[in-house]
Structure formats: C-alpha cells, structure tokens
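Student: Could you take me through one part of this protein in close detail? I would like to look at the place where two domains meet, and then at some single residues.

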Amino acid sequence: MGTPERIVIVGGGVAGFSAAQELRSRGYAGALTLVSPEGLPYDRPPLSKGYLLGTEDAGRILLAPESWYAEHGVEVVAARATALDLSGYRPVAVLERGTRLGADRLLVATGALPRRLGIPGGERALALRSRGDADALRRVLVPGARIAVVGAGLIGAEVASAAAALGADATLIDPVATPLVPAVGEDLALRLHAMHGERGVATLVAAPAAIEDGTHDAAPHLVRLAGGRAVAADAVVVGVGVTPDTALAEAAGLEADDGIVVGPDGSTSHHAVFAAGDATRVRRQVAVVRGGPPAVLQRRAEHWEAAVRSGQAAAAGMLGEAPAEVGAPWFWSDRHGVHVEAVGTMDARQAPGARTVLREADGVPVAAFLVAADGHLLGAAAIDQPLVVRAARRIIDRGLVPDPDRLADPSVDPRRLAR
Ligand SMILES: Cc1cc2nc3c(=O)[nH]c(=O)nc-3n(C[C@H](O)[C@H](O)[C@H](O)COP(=O)(O)OP(=O)(O)OC[C@H]3O[C@@H](n4cnc5c(N)ncnc54)[C@H](O)[C@@H]3O)c2cc1C
C-alpha cells in the first residue's frame, strides 16, 4: 500500500478524534474527513459527572474547539454512515442521503451501544451514552424525583451519585451484592458500595424482572424485582454495560467477534480498513517466540484511555508506521465526591495464587494491590490516591517486583514506590 492521500474516519468519539489528531501530529498532510453524526466530537465521561450535574456545559466537553478542525485541515461531516462499500480496491463510506466518500484508508470508530434490559418493559429504561441521553436524564433528575437505577457498575453508580447530589431519591438495583469486585478488588468495592447508603442512595440486591406501568404511589413506572418486591419510580435508568457497535463493519464483511477484530495497529481483515475504540477487540501475540502460542483475542477495553490509545495506534497503522507500546490498562471513575482509579487487573479470579495487599489510612482501605505469586504487580486500585496508581502503573510497565510491605505502608511516599 502506498502513502495515503485521503483518509476517512467513521465515528467522532474519542477514538476517531484521537486518530485524526495523531495523523496530523505524525505529519500526515493528505485529506482527512471525520464522519460524526453528532457534529463536533465531544467527551463522554463528563456525561455521567459534570455535564449531568450541570457544572459543565456542551462547550466545555468538546474534545477540541471548532477552530482546531480548520487549523488542522480536518473536515467534519455531520452525517451517519449507512454502509461501507468494500467491493473495490478503495473502501467507500456511504452516508445517509447517498453521499459516497472513497478513501485510501478508512477507520471505523463506531464505539459501543448501551446494553438494553432484556426484560418485559426494558425499553422504558433510559440509557446513557450520548449527550442527548444525558440531556434527557438531566430533565428527570430533579429534587424529590424517584429514580431507579438498574446496574451498580461504573455508570450506574455515577448516575445514582449525581441523582443524589441533585436531590433526587435514587434506588440502585443490582443482583450482585458488591459490584465492581473484578475492577477494583473486594476491599475497595465494599467501601465504594457502602458510600451509596451513606449518601442517601438506597441499594437493593435483586434482579429486575419487568418494568410496568406504575399503578400506585402516582409513579409512572414500577420496577418488578425477582422475588416479588417492586420499586416505584418516576424514571428508570439502565447501566448494565455496552455492546460494541459492529453493525457497519459486520455488514461489510469485516471479521468481528464481540468487537471488530483488529491487530495492535488497528488493522482489520480488509487491507485498507482500520478500526479503533470501544467497537474493537485486539488480537495480540502474547509471546513472540517461534512455535509459541498463537495470537489471542483480548477482552474489549471499554475505557477512555484505551480508546485514545487505540485511535493513536490505528493512525500509525494507517500510515504504515509502528504504533507506540501499550502499557497496563487504566481507568477512572468519580462518585459521591471521590475519585477512583485502577490500573492493570484487579481480577483475582484470573490470577491463581495472587494475593491482595492493602494500604490503609485510619483503618480504611485507600489502595489495593494485586500481587502475583511470583511477586510481580498485576494491578492496583485506589480511592483519592492518584499518585499511588501512577506509581503502580510504572511498576507494572517496567516489570518491577515491589516490596509488599512498602506498598502497604501509608507512610511510604507513593512517588518512591516505583524506585
Ligand atoms: C456516560 C459515560 C461515562 C464514562 N466515564 C468514563 C470514565 O469515567 N472513565 C473511563 O475510563 N471511561 C469512561 N467512559 C468510557 C469512555 O467514554 C469510552 O470508552 C469512550 O468514549 C470510547 O470511545 P469511542 O470513540 O470508541 O466510542 P464512542 O465514544 O462511543 O464514539 C463512537 C462514535 O461513533 C459514532 N457512530 C456510530 N455509528 C456511526 C455511523 N454509522 N456513522 C457515523 N458515526 C457513527 C457515534 O455517534 C459516536 O459518536 C464513559 C462512557 C460513558 C458513556
């Protein structure tokens, strides 16, 4: 493949935007078009935080001001792609109203869609993925409103926290007694979940069975729970995960398996089509040895930084250049006024023989480390301790073997942990 002269990116989320930004910073000087039905790309994490609370407006959450696109020669087309035509040598994005955008390289960055509740009446629940969804949610999160949130994972917990802060009466429903254990480990998950009750959010351990018309308490909705209980609500919100939006890619015949299958450089099963972000799943060589294990399909990342990095990696791939090395995965979440971060993996089920080391302050766990049987650090999570997570990240990325006593000792300056 020669040097591309025209690149089209389908999807203006943070992955598509980061790819455009990276293409320009790598010196790509050809035509660059970003197909983004919602117009100028904006950031999603604030939708369940500052934007939902009303402390950040639509302008604040843009990934770049309008002037950036003109300065960097990025044309934003506010339309939806309805198909990818891969019948010729050059891929073509077909837009609504029939416009055809041919390209030397095409990037699919269509993101993910909220998983719906597969129960009778499940379609009544509001989901949160787009700015429009957040606007709809803001209208119902008013003082005194009864809000039932189904799913106490990252998004559900953030929505319940925002609801409480706005004076609504939130009930968080999840069949798992302590959600997020695989993401942050058991000790921090327990502490985080307990915060809901402390901040006035009711928590129920139950599976929803149906959402019906409210017939009592003048509530428009009634969430029926398995076991017979019911929760009356003015609005029901669902936060039970996402599914990759692979519709365009699959219809065009690209390989997909719970995500568009990509290499570490975003390459897909078509020579000129790349993909990035929440829509994808990376196939990576775990050990580069002759006759060694075959490449394995990794779990989808579904976090902001992973989407940024995969957009950057695909930009490199589209230019025929090597992507930057990826380090341990990282994410953050904010709820009830605290900041949670995690790096690597805290999922002890995936690491037989691993043990958890806790760092406590006044008897309360503030950080947890998952240490492998051979002493290597697999992951860390922390509440309001960004420096600890930064140090843990360095330890993991450099393959260091930390001293567990120093990890646990709150008097050890986090900046000295990776030395
Ligand atoms: C409410 C919320 C809060 C979050 N908070 C955090 C957080 O605190 N920390 C964290 O690490 N991560 C967080 N995330 C996750 C993070 O935002 C996502 O991982 C990231 O946005 C994924 O980026 P993406 O570009 O792959 O996909 P998206 O952001 O989903 O963007 C995909 C874009 O593609 C467009 N598209 C889809 N189909 C088409 C088509 N046919 N034609 C053209 N365009 C199309 C969509 O309209 C969308 O704009 C949060 C996500 C949400 C929704």
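Tutor: What follows is a walk from the domain contact to four chosen residues. Keep in mind that this is a predicted model.

Start with the layout. The protein is split into three parts: domain 1 (6–113 + 243–318), domain 2 (139–239) and domain 3 (337–416). Notice that domain 1 is written as two stretches, 6–113 and 243–318. Our interface is the one between domain 1 and domain 2. Their centres, taken over C-alpha atoms, are 33 Å apart. Domain 1 brings 5 residues to the contact, and domain 2 brings 7 residues.

Now the area. The size of an interface is often given as the accessible area lost when the parts come together. Here domain 1 and domain 2 bury about 500 Å² between them. Carbon and sulfur atoms account for 73% of that area. Look at the domain 1 side. Ser48, Leu52 and Leu53 supply 81% of the area that domain 1 buries against domain 2. No other three residues supply more.

Next, the polar side of the story. The interface of domain 1 and domain 2 holds 1 salt bridge. Lys49 forms a salt bridge with Glu158, and their closest N and O atoms are 3.0 Å apart. That distance is within the 4 Å limit for a salt bridge. Between domain 1 and domain 2 there are 2 residue pairs in polar contact, counting those with both at pLDDT 80 or more. The residues of domain 1 that touch domain 2 divide into 2 nonpolar, 2 polar and 1 charged.

Move on to Arg115. Arg115 sits in the loop between β8 (112–114) and α4 (131–140). Is Arg115 buried, exposed or partly exposed? Its relative accessible area is 38%, so Arg115 is partly exposed. Beyond its sequence neighbours up to four places away, Arg115 touches Val238, Val240, Gly241, Val242 and Thr243. Take Thr243: it is 128 residues from Arg115 in sequence, yet their C-alpha atoms are 5.9 Å apart. Val240 has a further link. Its backbone oxygen lies 3.2 Å from a polar atom of the side chain of Arg115.

Then go to Thr33, in strand β2 (residues 31–35). Thr33 has a relative accessible area of 2%, so it is buried. Its side chain makes a polar contact with the side chain of Glu75, at 3.0 Å. Glu75 is one of several contacts of Thr33 beyond four places in sequence; the others are Arg6, Ile7, Val8, Ile9, Val77 and Leu101.

Ala276 is another buried residue. It lies in the loop between β18 (273–275) and β19 (280–284). Its relative accessibility is 1%, so Ala276 counts as buried. Leaving aside neighbours within four places, Ala276 is in contact with Ala15, Leu107, Val108, Ala109, Ser310, Gly311 and Ala314. Now set Val94 beside it: Ala276 and Val94 are 182 residues apart along the chain, and their C-alpha atoms are separated by 19 Å.

Finish with His336. It lies in the loop between β21 (330–335) and β22 (338–344). At 8% relative accessibility, His336 counts as buried, because buried means under 20%. Which residues does His336 touch, apart from those up to four places away in sequence? They are Ser161, Met195, His196, Arg199 and Val201.

Terms used:
Residues numbered from 1 in each chain as written. Predicted model: local features only at pLDDT ≥ 70, side-chain atom pairs only at ≥ 80, totals over all residues. Heavy atoms only, no water. Helix = DSSP H or I, 4+ residues; strand = E, 2+ residues; numbered from the N terminus. Buried < 20%, exposed > 50% of the residue type's maximum accessible area, 1.4 Å probe, protein only. Contact = heavy atoms within 4.5 Å. Domains from an automatic or database assignment. Buried area = accessible area lost by both parts, 1.4 Å probe. Salt bridge = Lys/Arg side-chain N within 4 Å of Asp/Glu carboxyl O. Polar contact = N/O pair within 3.5 Å; in protein donor to acceptor, adjacent residues only side chain to side chain. Nonpolar A, V, L, I, M, F, W, Y, C, P; charged D, E, K, R; others polar.
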